[in-house]
Amino acid sequence: MYKILAVEDSPAILNLIRMSLEDAGYLCVCAEDGVQAADLLEERQFDLVLLDVMLPGIDGLEVCRRLKGDRMTSNIPIIMLTARGDEVDKILGLEIGADDYITKPFSVRELA
């Protein structure tokens, strides 16, 4: 079973993500801020990280930089999941190491 870390500061969106991924057969671990996400990434192995950009504590871009800069986590795919849909934001996210960039609002079926 694939284990996914979903990082989102909106409890309603995080719950929606968790439910849709679990319904699709994935194990979903949730974090509500960048600090919690960083802690979980040090403790556990994940197959994928869904990462909001605008997070309290450590923002999603910094979490992405840290993941891609650490040889222990650099191979974990990252999908940025954010309301920031400008071309500049997308390019920045991809340049720092995100593997894909999905803008909100999004389809939970597409996400799963």
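What follows is a chat about the sheet, one buried residue and a ring pair in a predicted model.

Trainee: Before we start, what kind of model is this?
Mentor: This is a predicted model.

Trainee: OK. How many strands form the sheet, and in what order?
Mentor: There are 5 strands, in the order β2-β1-β3-β4-β5. The sheet is open, and the pairing is parallel.

Trainee: Which strands are at the edges?
Mentor: β2, residues 27-31, and β5, residues 100-103. Each of these pairs on one side only.

Trainee: And what does the twist average from one strand to the next?
Mentor: The average is 20 degrees.

Trainee: Let's look at β1. How many bridges does β1 share with β2?
Mentor: The two strands pair over 5 bridges, in the parallel sense. For instance, isoleucine 4 has cysteine 28 in β2 as its bridge partner.

Trainee: What about β1 and β3?
Mentor: Those two run parallel as well, joined by 4 bridges. Look at valine 7: leucine 51 in β3 stands opposite.

Trainee: Why is β1 called largely enclosed?
Mentor: Because 4 of its 5 residues are buried. Buried here means under 20% relative accessible area.

Trainee: Now helices. Which strands does α1 lie across?
Mentor: Helix α1, residues 11-23, lies across β1, β2, β3 and β4. Its direction is at about 170 degrees to β2.

Trainee: What unit do β1, α1 and β2 make?
Mentor: A β-α-β unit, and a right-handed one.

Trainee: And where does α3 lie?
Mentor: Helix α3, residues 60-69, lies across β3 and β4. The angle between α3 and β4 is about 180 degrees.

Trainee: Let's zoom in. Where is methionine 80?
Mentor: Methionine 80 lies in strand β4. That strand covers residues 78-82, and 4 bridges join it to β5 in parallel. Opposite methionine 80 in β5 stands tyrosine 101.

Trainee: Is methionine 80 buried or exposed?
Mentor: Buried, because its relative accessibility is 0%. The cut-off for buried is under 20%.

Trainee: Which residues does methionine 80 touch?
Mentor: Leave aside its neighbours within four places in sequence. Then methionine 80 is in contact with Leu51, Val53, Gly60, Leu61, Ala98, Asp100, Tyr101 and Ile102.

Trainee: How far is leucine 21 from methionine 80?
Mentor: The C-alpha atoms are 16 Å apart. In sequence, the two residues are 59 residues apart.

Trainee: Change of topic: rings. How many aromatic pairs does the structure hold?
Mentor: It holds 1 aromatic pair. The rings belong to tyrosine 2 and tyrosine 26, with centres 6.4 Å apart.

Trainee: Why is that pair called tilted?
Mentor: The planes are at 50 degrees, so the pair is tilted. Planes under 30 degrees apart would count as stacked, and over 60 as edge-to-face.

Trainee: Where do the two tyrosines sit in the chain?
Mentor: Tyrosine 2 is in the segment before β1, while tyrosine 26 is in the loop between α1 and β2. They are 24 residues apart, so the pair links distant parts of the chain.

Trainee: How accessible are tyrosine 2 and tyrosine 26?
Mentor: Tyrosine 2 is exposed, at 56% relative accessible area. Tyrosine 26 counts as partly exposed, at 24%.

Trainee: What sits over the ring of phenylalanine 46?
Mentor: The charged end of lysine 3, 5.5 Å from the ring's centre.

Trainee: Last one. Where is asparagine 75 found?
Mentor: In the loop between α3 and β4. Asparagine 75 counts as exposed, at 60% relative accessibility.

Technical notes:
Residues are numbered from 1 along each chain as its sequence is written. This is a predicted model: local features need pLDDT of at least 70, side-chain atom pairs count only at pLDDT 80 or more; totals for chains, interfaces and linings use all residues. Side-chain values use heavy atoms; hydrogens and water are left out. Two strands pair if DSSP finds at least two bridges between them. Axes are lines fitted to C-alpha atoms, for helices over the stretch in contact, and angles run from 0 to 180 degrees between N-to-C directions. Contact means heavy atoms within 4.5 Å. Buried means under 20% relative accessible area, exposed over 50%, partly exposed in between (1.4 Å probe, protein chains only). A crossover is right-handed if, with the strands pointing away from the viewer, the path from the first strand over the helix to the second runs clockwise. Rings of Phe, Tyr and Trp (its six-membered ring) pair if their centres lie within 6.5 Å; planes under 30 degrees apart count as stacked, over 60 as edge-to-face and the rest as tilted. A charge sits over a ring if NZ of Lys or CZ of Arg is within 6 Å of the ring centre and within 35 degrees of the ring normal.
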